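Subject: Model for your review

Hi,

Here is the structure I promised. Please open it alongside this note; my findings follow below.

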Amino acid sequence: MSTTPHIPATAKIEQEWILDLASKNRRIDGRNPSDYREIKIEAGIIEKASGSARVTLGKTKVLAGIKLELGEPFPDTPNEGVLTVNAEFTPLAHSSFELGPPGENAIELARVVDRNLRESKAIDVERLCIEPGKRVFVAFIDINILDHDGNLIDASTYAALAALLKCRMPEYEDKGGEIVCKESFKPLPMNNYPVPVTFAKIGKTLLVDPCLKEEDVMSTRLTVGIEKAGCVCAMQKGGMGELDVDEIRAAVETAMVKSRELRELIMEAAK
Amino acid sequence: MQKAPERLIDDNGLRLDGRRPEDLRPTELQVGVLENADGSAYIEQGKNKIIVGVYGPREIHPKHMVIPDRAAIRCRYRMAPFSTEERKNPAPSRREIEISKVIRESLEPAVMSEYYPRTVIDIFIEALQCDGGTRCAGIVAASLALADAGISMRELVSACSAGKVAGQIVTDLFDLEDKYGEADMPVALMPNLNKVTLIQMDGKLSREEFEKAFEMALEGCRKLRGLQTEALKRRYQQATTAEQPQQDSEEVK
């Protein structure tokens, strides 16, 4: 069951300060409303994973790892490989994260990352098929939050995307009906590079890439995922507030511009 | 297993169920359908059949969940195992957990929770038969059930999806269109305040397509808002009219 969360830990006086700054289009760390924090992307840092990447977005740190394994396709898509995304809010990342199975926030995060990748058809899943209806590659994308300072959706999707760009797929051979993976690898077939841009509505201002304190104050969150051709491929509203019709239109417009810059950055880092 | 339909839109521009692109499914709303719940509502929208019960404001357990200056809202969206083509495992799926969250967040701005500090308002949404767009139908019925429970609200929340099917922008997608179409975008709106309380999207829409779909979803919400008012009126005008049979007026809270 989904329950209204408790009031955040940011002090009232600080919340009012953030609101006041937002009304003047300013932010606590000096950024403009449309500025991202500094982004660092380190791809391929876990050798045993098929693909991996760590994204540092300001003080937020997220590690995405991919394991490619042989498995069965879903019956309704016999010619396609399988993509699964899971997210863990590990307790080391923030004092509010507890042990236990993923809660609704972790599930929402994983599903929004999944939506970006799936709906833009980022992975060419048909080329993950080995034998239709029987054998395909399954891509397990696991997202580990290491340090939580807001905007986990963007950081996690960038990490997943960078990890996919670095992901290596084993070459295989058919030995008398049995599929055997060889020691050699080729890059994972990719079609698209979705980039989400997340906004926080603070007072009447929309800010991109909210830090944790801004998330504590925001009434509403909106994520807009844009694929490489500039189409919207995923959206998700979060938080307990509301949005004006024009705010949504403005967010889509900003996302289309911002996503282009961010995509270049991710592609460059994962080369 | 369902087969992919050959065509989703025919030569006359009609959809598989005979609708034009901007048409909603035939929708029937009923308020006050349960005996025990403080408020309840039922929606049939095409093949969708969803019942919602609301309890509260009532005491919250466990106590540490108390919010001192407002009511907590709890929401569960659940699909019955027999509601779909193939049996759905009764354990809560990740999809149901996410939908419970986004539905709660779509109703939070409407409920005047500050009137009921330290209590909880429980919303139980049971999807008995699912045919696409159940989160929207669930929101429409849930906001009626909240009103039926006598909970103060700023405005009713209406919800409707729009998307792209066989290259066309259409309103209120049903299951096959959702599965085999190109995009689906559920939107919830408080029509008289013109505030959006839910928006999600999956698929692929260009800037122009997004604009069109968004406008069509909002228009669908506005239409449903009319049906919601009628459903509430039906329930309470009937209950307050003198010539109505005795048993009906007893149900009035």
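Helices and strands here are DSSP runs, with at least four residues for a helix and at least two for a strand. Please keep in mind that this is a predicted model.

Chain B on its own

By that count, chain B has five helices and nine strands. Their order along the sequence is β-β-β-β-α-β-α-β-β-α-β-β-α-α. The radius of gyration of chain B is 19 Å, and the globule rule gives 18 Å for 253 residues, so chain B is as compact as a globular protein of that length. Its C-alpha atoms fill a box of roughly 55 × 50 × 40 Å along the principal axes. Half of the chain is inside, so to speak: 50% of the 253 residues count as buried. Among contacts in chain B with a separation of 6 or more, 70% join residues 24 or more positions apart.

Where chain B meets chain A

Here 35 residues of chain B are in contact with 32 residues of chain A. On the chain B side, the elements that give two or more residues are strands S4 (72–79), S8 (183–190) and S9 (195–205), plus helices H1 (94–107) and H4 (207–240). S9(B) provides the largest share, eleven residues. By class, this side of chain B has 17 nonpolar, twelve charged and six polar residues.

The two chains also share strand pairing. Strand S1 of chain A (residues 2–3) pairs with S4(B) in the antiparallel sense, over two bridges. Look at Ser2(A): its bridge partner in S4(B) is Cys75(B).

Best wishes

Methods: Residues are numbered from 1 along each chain as its sequence is written. Chains are lettered from A and ligands numbered from 1 in the order in which they are written. This is a predicted model: local features need pLDDT of at least 70, side-chain atom pairs count only at pLDDT 80 or more; totals for chains, interfaces and linings use all residues. The radius of gyration is taken over C-alpha atoms; the globule rule is 2.2 Å times the number of residues to the power 0.38. A residue is buried if 20 or more other C-beta atoms lie within 10 Å of its own, exposed if 12 or fewer, and partly exposed in between; C-beta atoms are placed from the backbone. Two residues are in contact if their C-beta atoms, placed from the backbone, lie within 7 Å. Ala, Val, Leu, Ile, Met, Phe, Trp, Tyr, Cys and Pro count as nonpolar, Asp, Glu, Lys and Arg as charged, and the others, Gly among them, as polar. Two strands pair if DSSP finds at least two bridges between them.
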